[in-house]
Amino acid sequence: MWRRRLTCLFGGEEKRVDSRTIHAGRGSSPVADAFPQQKFCDNRIVSSKYTIWNFLPKNLFEQFRRIANFYFLIIFLVQVIVDTPTSPVTSGLPLFFVITVTAIKQGYEDWLRHKADNEVNKYPVTVLEDGKRVGKESEKIKVGDVVEVLEDETFPCDLVLLQSSRDDDTCFVTTASLDGESNHKTHYTVPDTVKDVESLHATIECEQPQPDLYKFVGRMHIRRDGQETAVRSLGPENLLLKGATLKNTKKIYGVAVYTGMETKMALNYQGKSQKRSVVEKSINAFLIVYLCLLVSKAFVCTTLKYVWQNQHGQDEPWYNPKTQQERDTNLYLKMFTDFLSFMVLFNFIIPVSMYVTVEMQKFLGSFFITWDKDFFDPEVQEGALVNTSDLNEELGQVEYIFTDKTGTLTENNMEFIECCIDGFQYKNHKFLTETDGLCETDGPITITLNKAPEELEELFLRALCLCHTVQVKESQPVDEIDGVVLDQVDGFSPSPEDQCAFIASSPDEVALVKGAMTHGFTFIGSDSKSMKIRNRDNRVEVYELLHVLNFDPVRRRMSVIVKSESGEVLLFCKGADSSIFPRVRKEEVDRIRVHVERDAKEGYRTLCVAYKRLGNEDFARVDAELREARLSLHDREEKLMAVYNQVETDMILIGATAVEDRLQDRAAETMEALQGAGMKVWVLTGDKMETAKSTCYACRLFQRGTELLELTVGALGEGEGKREERLLELLLEYHKRVVHDTPPSKTGLHRTWSSPGQDYGLIVDGATLSLLLNASPDGTGSHYKNLFLKICQSCTSVLCCRMAPLQKAQIVRMVKSSKGSPITLSVGDGANDVSMILEAHVGIGKLKSDHTGYNSRTLVVPARFPNIILFKHVSKSPSPSTGVFLDCLLDPVLCGGCSNAGIKGKEGRQAVRNSDYAIPKLKHLKKLLLVHGHLYYVRIAHLVQYFFYKNLCFILPQFLYQFYCGYSQLPLYDAAYLTMYNICFTSMPILAYSLFEQHISIDTLLDHAALYREVAKNAMLRWGPFFYWTMLGVFHGLLFFFGVYCVFSNPALLPSGQVFGNWTFGTIVFTILVFTVTIKLALDTRHWTWINHFVIWGSLAFYILFSFFWGGITWPFLEQQRLYFVFINMLSSMSAWLAIMLLIVLSLLPDVLLVALRRPRGRNTRQKKPRRLSPGDPKSPGFNMVPLISRRVTDEPNSLC
């Protein structure tokens, strides 16, 4: 890898050669002699970050790049170098603790990566060498080696398929660990390769490694003894990618073309950008304020010290004369040294331990999501996944939700509903027809006996049976069960005599094939050269497969060219109506269009079907052009696209199909709850407007009273110039109607159930978005974009249809960068949703409905149970540890050895791998946000404010003490107290609070979505609450110091008349401090668990025991023991006891009164049983706290405060 980069940098061979030449088999090739000899990397995978030699320096360098760590390192060095009043241990020990904990965590994670790398690199493989099968480790594979791979094994490197055990020269693979597509894909051997790979003599020319999984360009020169060299094109259908798994094929042989870090899997690994939560930004802002406080305190004390010393007799008192060295010291240097000393003395106002506590809270808190049994889905056999624990609190701050439609709002479980042939409608399962005259009303459809000509019917059904990439897998009978076989895509059961299962990369293709079966045409199977179907007469028809024009999102269609038994060459094409209608005869469009539009309004997915007859001359020309384009090493895709567009013209439109994608369970309830919580939901989809609009109505995103505004190509009219003028007119009109003429809602919502104003919904398509988002040089595009954004933000819901994946990301970026920087969340399930998932503040991936973590195969089940899916558990998927399993979802490199790890489904799990969180169903999004998000935000916000508060209480008495000790930098507290205050005495209670606190019960949060708005827009970490906590810290600090100072007005506090000293003064202040901040947290706790009791009262007990032992024993390692018997003597004074208890009560009295006033009133409040409130119920009496762990309802009522 490094060698390749260096040679590119210094103009080596990689820079001169844009393709590589690989010798496969025996001997060398005269053709290849013209190419320079190239060197290739080995097959080792390296995903680890550290080695045993560079771990310490590299990890320390990365940790000290953080400002907080670097700041405390400087403070520690100042304490070591300068004569400061506190020991370097007081700052060095906390810093050492933080650095050590972080290093252990990162070292463990990297050890897991090393372990996963070794598992992949040491995996045994079989390589053909000199005609013999030789066992090797995977890392020893070289480019040009012929590798043998068995069924259910993963490919150890990128291979060109040479030979397959299947008779049709194909093999099936799954690429779930690469692109998330878990369904079977078909790959083909290179034509004309010899059956005996041991005698292979060939040279491969292909492009240099590049990360595109779906692109591969090359050609193979195959030489035979005494024959002319054959040249065959190589494409992605011939390339088997590292990390993919061989399925339903006993054995294959392939030649290695890319190895190690040059494989497509390794090149595709790209670390996700670091997302920062709003809490982290607030912490940084608060930290700046406290840094200013720290500098101000040090500056004030330094200034006052020299003002005081300038007074006569104060600079050098008789009892403390200066040394000669002190007299000779430069004044400004002495002032700077004193300033640094005061900085060190007050530096504990900056809570270094807060960063560790926050990290632990996020890490441990993320387990509550994965442990939540409500997220477990029996169909997926998996619960929620957390890929990023840094954004837990961000789930409670979401303002905009961007969701995909297919597979997210809907199930992506396709069912054939009906088809239209020559204007006549055919319902599924029944051969019903209707006339071409369809009314636009919602009334019943009149059924007649008219139907399309039988010849046209059969042609349409043949097109459905031939124009696809579906494969048929023969059933594998099981001894103990007999019956019919399940379809691997969605559980469809064909007739018993077929005994086969359909394998496809897309569920809608299987739905169309099954739809043709209901009307008498059955697809039997195919190989690389032919396709077989059974017609209505039960006769098998065989078609020679000449070419497949694959589907791509730009063309939005696919075609096949076949030759019938009579020698007729036919092109069958299916695709979106916008792609097919311009390529067929105009007179045929109208009678099909009305059916397509009607089906789209009902929410069905539609495809149009067309065909074309090719004469011998036409086919010969097309065949030559296709072969020439496929042999090209440069611009192959562009050349193929040109041929595709040329041949797919002047077709004859036969009909259209309608496939239903059912709505997700409780999708409407979830969307309604999210909108009630103040979130605005935008639907971003590539489907047609009518289909998406119907789904939005079904999900209650659009209500019957919602006025829909359209910004679509149809609304803009024809002509480029007229479109821009019309677009500006519509934007100004909608802006006046929605923004200017609509009164602002107090709640921020525009729903009919919460505000009396008119609801607006906006519909925009991809073509219009291109005009809006691509700003023109004169600045009008920016004006359009601003108007469009204001309109969207004033609408209740927005529907964006006919969108490309890049446009989805552009929409998310536009909203999140708007005024106020609203928090955005994207949820999707497919590879086309990855861009918007990565762009949003929080990305949610939807898990798929397939079995997880086991090798499985289709079983035969009794015919009386056609809808049951059974799996035979063969073996648990390989996974080094739980940690590596989670890493596999994040890191494609680590997935190389986990052939079945992860979640599999109809569209794959690429969205899951790139997301921050993953949930099985859309309905789980409601609890994830309204419960987990709300509680996480409240907990961590309280944690942050509490940390700054308790450190201000801690250091303010130290600052005040300087006014009474001549600014001598004398510490108020003992060094042990300075060190252990944040580490031991006060850290565990707030950590337990931040993990288990529930100020409102889970049922209440679910039933009252409006509660989510109370913490929205970072409500608990604004400047108002921050200054409240700061003022509270100032009040407590002043009370601690001056309260004890008043007690010390008579220093003889012991019965014997003995006088207390300054260390007793500091110990009393510290005791009051520890008890006050801990009991303050106890008063704030609404939900108590045994853990809270243990850590709160245990921390206080530990402080007392520590003080007894620290001051009651002579420690030999201490040069001076300032607290020797201080704590014991303090407790022997009744005045000290009285002062401690009185000051604690006075400090907490405001909190006690606040809690008392907020408690629910009523004589029988405690006896009320908990009841589940319906949404919209205005009454909300004392609600019960429900623990996240035990999920039990307590009897203690709590208020909503």
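Select helix 32 (1023-1047) first: it gives the nonpolar surface patch its largest share, 3 residues. The model on screen is a predicted one. To see the whole patch, add Phe 299, Val 300, Phe 963, Tyr 964, Leu 1038, Phe 1042 and Tyr 1045, which together cover about 640 Å². Helix 7 (278-309), like helix 32, supplies at least two of the patch residues.

Stay with Tyr 964 for a moment. Tyr 964 sits in the loop that runs between helix 28 (924-961) and helix 29 (975-985). Is Tyr 964 exposed, partly exposed or buried? Its relative accessibility is 44%, so Tyr 964 counts as partly exposed.

**Aromatic pairs**

The model contains 53 aromatic pairs. Select Phe 368 and Trp 371 as an example: the ring centres are 6.1 Å apart and the planes meet at 70°, so this pair is edge-to-face. Both residues belong to helix 10 (residues 352-371), where a separation of 3 residues puts them about one helical turn apart. Residues three or four places apart in an α-helix point the same way, because there are 3.6 residues a turn. The two differ in cover: Phe 368 is buried at 8% relative accessibility, while Trp 371 is exposed at 58%.

Next, select Phe 954 and Tyr 973. Their rings are stacked, with 5.0 Å between the centres and 15° between the planes. Phe 954 is in helix 28 and Tyr 973 is in the loop between helix 28 and helix 29, so the pair ties together parts 19 residues apart in sequence. Both Phe 954 and Tyr 973 are buried.

**Salt bridges**

There are 45 salt bridges in the structure. Select Glu 148 and Arg 133, whose closest N and O atoms are 2.5 Å apart. Glu 148 lies in strand 4 (residues 146-150) and Arg 133 in strand 3 (residues 132-137), so this bridge ties together parts separated by 15 residues in sequence. Which of the two is buried, and which is exposed? Glu 148 is buried, at 6% relative accessibility; Arg 133 is exposed, at 53%.

Move to Lys 927 and Asp 372, which form a salt bridge of 2.9 Å, N to O. This pair links distant parts of the chain, 555 residues apart: Lys 927 is in helix 28, and Asp 372 is in the loop between helix 10 and strand 14 (385-386). Lys 927 and Asp 372 are both buried.

Then select Asp 404 and Lys 808, with 3.4 Å between their closest N and O atoms. Asp 404 is in the loop between strand 15 (400-403) and helix 11 (405-409), and Lys 808 is in helix 24 (residues 805-816), 404 residues away in the chain. Both partners, Asp 404 and Lys 808, are buried. For a group of bridges, select Glu 458, Arg 462, Arg 539, Glu 541 and Glu 565: shared partners join them into one network.

**A covered helix, then the whole chain**

Select helix 33 (residues 1062-1084). From first C-alpha to last, its 23 residues reach 33 Å, close to the 33 Å expected at 1.5 Å a residue. How many of its residues are buried? The count is 20 of 23, so helix 33 is mostly covered.

Finally, show everything. The protein has 36 helices and 39 strands, and 56% of its 1201 residues are buried. About 52,600 Å² is exposed, with carbon and sulfur atoms supplying 57% of that area.

Key: Residues numbered from 1 in each chain as written. Predicted model: local features only at pLDDT ≥ 70, side-chain atom pairs only at ≥ 80, totals over all residues. Heavy atoms only, no water. Patch = residues over 30% accessible without salt bridge, like charges linked within 9 Å, V, L, I, M, F, W, Y side chains within 5 Å. Areas by Shrake-Rupley, 256 points an atom, 1.4 Å probe, with all protein chains shown as cover. Salt bridge = Lys/Arg side-chain N within 4 Å of Asp/Glu carboxyl O. Helix = DSSP H or I, 4+ residues; strand = E, 2+ residues; numbered from the N terminus. Buried < 20%, exposed > 50% of the residue type's maximum accessible area, 1.4 Å probe, protein only. Phe/Tyr/Trp six-rings, centres within 6.5 Å; stacked < 30°, edge-to-face > 60°. Expected span 1.5 Å × (residues − 1).
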